[in-house]
Amino acid sequence: MNNFFFYENTNFFANFTKFLQSREQTNTEVAKSVSSIIDDVKVNKDFAVKKYTKQFDNINLDSKGFFYKPIEIKESIDKCSSKDKDAIELSISRILEFHKKQMPSNVNWKDALGIELGWVWKPIDRVGVYVPGGKASYPSSAIMNIAPAKVAGVKDIILASPCTNGIYNPLMVYASSSMGIKKILRVGGAQAIAAMAFGTESIEKVCKITGPGNEYVAEAKRQVFGKVGIDSVAGPSEVLLICDKNMPEKIAAIDLLAQAEHDENAQSILITNDKEYALRVEKEIENYLMKLKRKEVASRSWKNFGAMVIVPDFKKSIEVSNLIAPEHLQLCFDSAEKYLNSIKNAGSVFLGYWSPEAMGDYITGSNHVLPTNGTAKFSSSLSVFDFMKRVSVTKVNERGFKKLGPSVVRLADSEGLEAHSLSVSERLKRL
C-alpha cells in the first residue's frame, strides 16, 4: 500500500504531519546558486543575463534580442490552429469576467466630527509576469497572471518565459499577445527574476513579480522580495480529493494523477471513509501509470508524496483537510456543499463530480495561481488585489482638529516624540 494513513490510529496526526513536511526541505545549494546569480545581475546587468541565458538555455541574446520581435509574435500566432485560438479566447473571456467581479470600490465618509476619511485603490505601475517554459510551458499560466493585472489597470506588463534551445510554446505567445502584452522576454530562471527586480540596460525594473516557476525561480522571488513585491513563493502543485465509493475509481484515480503529472514533487492525496474503495483507486492509479505520457514524472510524485487517508466520517475529513490546507480541494460526495462553511484552509474548492480541478486550471474563471505547501492557512489565490494598492485618505476640519488634537499631543508626549506633539500643539494655539 502506498502511504496509507488511518485517522483512528493513535499517532495519526504526528505521522501524517511528518509526511506532509517531507516536501518542505530547503535546498541550500539552490539558495547559494540563486544568490550568486542575483548579485551578478545587479552588478553586470545585461551582460550577466546574457551569460546565464546562454549557459542554462542555450540562447544567444546578442543575436536573438531580449524580447520577441513583432514579426516573431506574428509568426507564432500563425502557427496556432483556429481551434486552439478559439479555446484560448474562450478561456480569456471567462477569466477576465471572473476577475472583473473582484474589483474593489473606493470608499469615503464623514464621521461625527465632520472629518473626511476613506481610501482609494490604485493599480501598480509596472509588473513582471513569469511563465514557465520548456517542458512546462503553459498558455494558461500566462492568462491567469495577465488577466487580473489587466483588470486591475496595470499599464505596463513584462512577461518573462525561458526559451530553452529556442523551443517555446506558440500558444503562450498567442495568449499573451491576445491580452495586449507587447513585451515578451525570452529569458527565464533566477536571472529573469533578478533582471525584473533590479533592472538592466534592456529590462525595466518592475514593482511586483508574479507567476510560478521551478525551485530556482521560487528561490529568486524569495530573495528579491522587499526590493519588489511578489505574489508568493510557490511550491509544487497539490490536490486533495475527498470522496466516497460513489465516485468511480477510475475518475478518482485520474483526478489524483492530474496533479502528479505536473512535477515529481507534486502531491495528490485521497481521503475516503472506505479502505476497500481506496485500494481499488490505488489499483486504477497503477494501471494509468503504465500508459500516461508523463508516467515517469507522475510515478515519482505518487510514490514519494501520494497518500490515502481513511477516516470514519466526512466531518473528520474536513478536519484533516484544514490541517493540510491544500492548494486544490475537490469534494466529491453527496451534500458536499453543506461542509463548505467548515473549510477554513484551501486555495480553491471544487464541489461535485462535474467540477474537477482541471476545469479550474483552464476555463471556469477562477485563478489557478494558488497558495501551496500549507500557505492557504494565510493566503489566497492570485487576484486583482495583488495588482493594486489601497491608499488611505484623511481630511481633518477645524472642529475635528480642536476636539482630537489634545489627545494627539498627550500620546506623542508619552512616546517622547516632541516634533509630533509640536506639529499639533502649534496649530492648536492658532484656534
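**Exercise 1. Look at the residue just after H14 and say what phi it takes, then work out how H14 is capped and covered.**

*Solution.* Start at the end of the helix: just after H14, Ala325 takes a positive phi of about 55 degrees. Keep in mind that this is a predicted model.

Now go to the other end. Asp313 caps the N-terminal end of H14, with a side-chain oxygen 3.1 Å from the backbone nitrogen of Lys315.

Next, pick out the buried residues of H14, which spans residues 314-324: they are Phe314, Ser317, Ile318, Val320, Ser321, Asn322 and Ile324. For the spacing, recall that an α-helix has 3.6 residues a turn, so residues three or four places apart point the same way.

Finally, see what sits on top of them. The cover includes helix H1 (12-21) along with strands S9 (238-243), S10 (267-272) and S12 (328-332).

**Exercise 2. Describe how S2 and S3 are joined, and find the residue with a positive phi in their hairpin.**

*Solution.* First the pairing: S2 (residues 107-110) and S3 (residues 116-123) run antiparallel and are joined by four bridges. Across the pair, Trp109 stands opposite Leu117 in S3.

Then the turn: five residues lie between the strands, and Gly114 takes a positive phi near 85 degrees.

**Exercise 3. Classify the ring pair Trp121 and Phe385, and say what it ties together.**

*Solution.* Take the geometry first. The ring centres are 5.7 Å apart and the planes stand at 65 degrees; edge-to-face needs over 60, so this pair is edge-to-face.

Now place the two partners. Trp121 belongs to strand S3, while Phe385 is in the loop between helix H15 (357-362) and strand S14 (388-395), so the pair ties together parts that are 264 residues apart in sequence.

How buried or exposed is each one? Trp121 is buried at 17% relative accessible area, whereas Phe385 is partly exposed at 40%.

For practice, try Phe333 and Tyr339: with 5.5 Å centre to centre and 70 degrees between the planes, they are edge-to-face too. Phe333 is buried at 8% relative accessibility, and Tyr339 is buried at 19%.

Two extras on rings: Phe5, Tyr7, Phe12, Phe13, Phe16 and Phe19 form one aromatic cluster. Arg186 lies over the face of Tyr68, 4.6 Å from the ring centre.

**Exercise 4. Find the residues that touch the most other members of the largest nonpolar core, and the helix that gives the most to it.**

*Solution.* The largest nonpolar core has 66 residues, and Leu159, Ile193 and Met196 touch the most other members. The helix to look for is H7 (residues 139-152), which gives the most, with eight residues.

Zoom in on Leu159. Leaving out residues up to four places away in sequence, its contacts include Val129, Val131, Ala142, Ile146, Met172 and Ile184.

Don't stop there, though: a second, separate core of 23 residues includes Tyr7, Phe19, Ala307 and Val309.

**Exercise 5. Is Gly211 buried or exposed, and what does it touch?**

*Solution.* Locate Gly211 first: this glycine is in the loop between strand S7 (208-210) and helix H10 (215-224). At 3% relative accessibility, Gly211 counts as buried.

Then check the contacts. Not counting residues up to four places away in sequence, Gly211 touches Tyr130, Asn145, Lys221 and Asp231.

One last distance: Gly211 and Met144 are 67 residues apart in sequence, yet their C-alpha atoms are 8.7 Å apart in space.

How values were computed: Residues are numbered from 1 along each chain as its sequence is written. This is a predicted model: local features need pLDDT of at least 70, side-chain atom pairs count only at pLDDT 80 or more; totals for chains, interfaces and linings use all residues. Side-chain values use heavy atoms; hydrogens and water are left out. Two strands pair if DSSP finds at least two bridges between them. Helices (H or I, at least four residues) and strands (E, at least two) are DSSP runs, numbered from the N terminus. A nonpolar core is a set of buried Ala, Val, Leu, Ile, Met, Phe, Trp, Tyr and Cys residues joined through side-chain atoms within 4.5 Å. Buried means under 20% relative accessible area, exposed over 50%, partly exposed in between (1.4 Å probe, protein chains only). Contact means heavy atoms within 4.5 Å. Rings of Phe, Tyr and Trp (its six-membered ring) pair if their centres lie within 6.5 Å; planes under 30 degrees apart count as stacked, over 60 as edge-to-face and the rest as tilted. A charge sits over a ring if NZ of Lys or CZ of Arg is within 6 Å of the ring centre and within 35 degrees of the ring normal. A polar contact is a pair of N or O atoms within 3.5 Å; within protein, one must be able to donate a hydrogen and the other to accept it, and residues adjacent in sequence count only if both atoms are side-chain atoms.
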